[in-house]
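Dear colleague,

I am passing on the structure we spoke about, and it follows directly below. My notes on what was found in it come after that, for you to read alongside the coordinates.

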Amino acid sequence: MSAGHGSAGLYRAGHSALHRLPAQCKIAAHLAFVLVVVCTPRETFWPYAAYALLLAAVAAVARVPAGFVARRLVIEVPFVLFALALPFLAHGPRVDVLGVGLSESGLWSAWGILAKATLGVIASVLLAATTSQRDLLLGLERLGMPRTIVQIASFMLRYADVIAGESERMRIARESRGFTPRHLGHLPVVAKSAGALFIRSYERGERVHLAMLSRGYDGAMPRLDSSATPASAWATAALLPLLASVALALAWAGR
Amino acid sequence: MTAPALEVQGLAYAYPDGHQALFGVDLRIERGERVALLGPNGAGKTTLVLHLNGIHTPGAGTVRVGGVQLAKDTVRDVRRRVGIVFQDPDDQLFLPTVREDVAFGPANLGLRGPALNAAVDRALAQVGMEGFADRPPHHLSLGQRRRVAVATVLSMEPDILVLDEPTSNLDPASRRELSTVLRGLDPTLLLVTHDLPYALELCPRSVLLDGGVVVADGPTRELLSDEALLAAHRLELPYGFDPSRVPAR
């Protein structure tokens, strides 16, 4: 059991300027940047290179190495496979590439999806690498995300490892008694374990609630944080989407 | 004469499914007393504990904490006065950092800013966990988590501290560290356990609960020396343990 270490994979502790920026500024900047990328016409190539350069600059400021980002890009693979299938599956006029007839609109779609998704994922990886899960939630709360949702998410973060640990102990106990799932006929056993895990988690939820009530919980988490975000932080975070939107404007102007 | 820290009279309770867990419990604990609540599994210990701060509402009888009778309009006050530490620290520690968890109770009571920070620092110092304020609870050992769980109620400055099976699953060193912490605390202590040597170590007085009633109440050493009584209520001393030969604290 690696209690609590499984989630450490995305965050990379550090003290760079990007690490120090308040989470809400980074989240807003990230969202704005992704919107700019999505709005960029796929027929113009150079803005994408500009965006990539911007992200490289951000990574350099945050001291996040390229390999760190590249390994976490693996999450994009299903989308890549989908994008690669498009030129073969889409209809419309065909073009000949290395002797294979590919759909022209499919090729454009594939390029668009690949470029935009990759830039979005890199930006997300950089955000997650420089902001702890805890700060991400605080940032979302400060940006006006309903507190109930933030509470649910923070419970999930807190208890994911506890429940994963419980599930792992149940698996070990099953296998210690000679059970190894080999074929679909074994599915009922696994399903019953999942059911038991669900009930245990539900009961744990009730016990946590009892313990919260015992300490005076009355349905709302006490609000402790009241500090305002300095304007300079917003200005720094706005640099990325602002520079990207300059490229966007030029791309649309040049069409 | 000041009111006792805790006064339970004729407390009876049945769960909504009809299972009757308590049949008229009487218990009086004076201020500053350290009392062990002993009993086999299913004796009603946890049900009794959940009455002490109004999680359960008595079916019959009364609960008074420091002279204040537990009722709808006093439940907030009573919850401040009675700090319950639950058996599994993972049930008690639910926030991302130790500091937030220790601050949760006093913040619910309305503390903010420097006063809140002072309460947190004081509670962590009381359990010897000062250096762990910014750590996530799930990265701590079980013994450390249990001490932090104690801090989460100490920060509310309770009059009575109630611990439910505090030694379960602890290794011997963590067990001793916890008893050192508990012995250093001021508040009245109610220790719910079937760890009999631990009860003898910490509590001069013991109350034996079984079948939803108090069946014995007296000095811990006497109670533990009564083999017939223990056997009648499914309690056993560890092999070779002789309570009469344990030196007094």
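In this predicted model, A:Val189 lies in helix 9 of chain A, which covers residues 187-214. Its relative accessibility is 34%, so A:Val189 is classed as partly exposed, given that the class runs between 20% and 50%. Together with A:Leu184, A:Leu187 and A:Val190, A:Val189 makes up a nonpolar surface patch whose joint accessible area is about 360 Å².

Helix 9 of chain A also takes part in the surroundings of helix 4 of chain B. Of the 11 residues in that chain B helix (residues 98-108), 10 are buried, and it is therefore largely enclosed by the rest of the structure. The buried residues include B:Val98, B:Glu100, B:Asp101, B:Phe104 and B:Asn108. They pack against helix 7 (133-142) and helix 9 of chain A, and, within chain B, against helix 2 (75-81), helix 3 (89-92), helix 5 (113-126) and helix 6 (142-154). After helix 4 of chain B comes B:Gly110, which has a positive phi, near 105°.

Helix 7 of chain A has a further partner in helix 2 of chain A (residues 23-39), the two packing at an angle of about 75° with their axes 7 Å apart. Because angles from 65 to 115 degrees count as such, these two helices are roughly perpendicular to each other. Helix 2 of chain A contributes A:Ala23, A:Gln24 and A:Ile27 to the contact, while helix 7 of chain A contributes A:Asp135, A:Leu136, A:Gly139, A:Leu140 and A:Arg142.

With best regards

Key: Residues are numbered from 1 along each chain as its sequence is written. Chains are lettered from A and ligands numbered from 1 in the order in which they are written. This is a predicted model: local features need pLDDT of at least 70, side-chain atom pairs count only at pLDDT 80 or more; totals for chains, interfaces and linings use all residues. Side-chain values use heavy atoms; hydrogens and water are left out. Patches are made of residues with over 30% relative accessible area and no salt bridge: like charges are joined within 9 Å, nonpolar side chains (Val, Leu, Ile, Met, Phe, Trp, Tyr) within 5 Å. Accessible areas come from the Shrake-Rupley method with a 1.4 Å probe; for residues, only the protein chains shown count as cover. A salt bridge is a side-chain nitrogen of Lys or Arg within 4 Å of a carboxyl oxygen of Asp or Glu. Helices (H or I, at least four residues) and strands (E, at least two) are DSSP runs, numbered from the N terminus. Buried means under 20% relative accessible area, exposed over 50%, partly exposed in between (1.4 Å probe, protein chains only). Contact means heavy atoms within 4.5 Å. Axes are lines fitted to C-alpha atoms, for helices over the stretch in contact, and angles run from 0 to 180 degrees between N-to-C directions. Angles under 35 degrees count as roughly parallel, over 145 as roughly antiparallel, 65 to 115 as roughly perpendicular and the rest as oblique.
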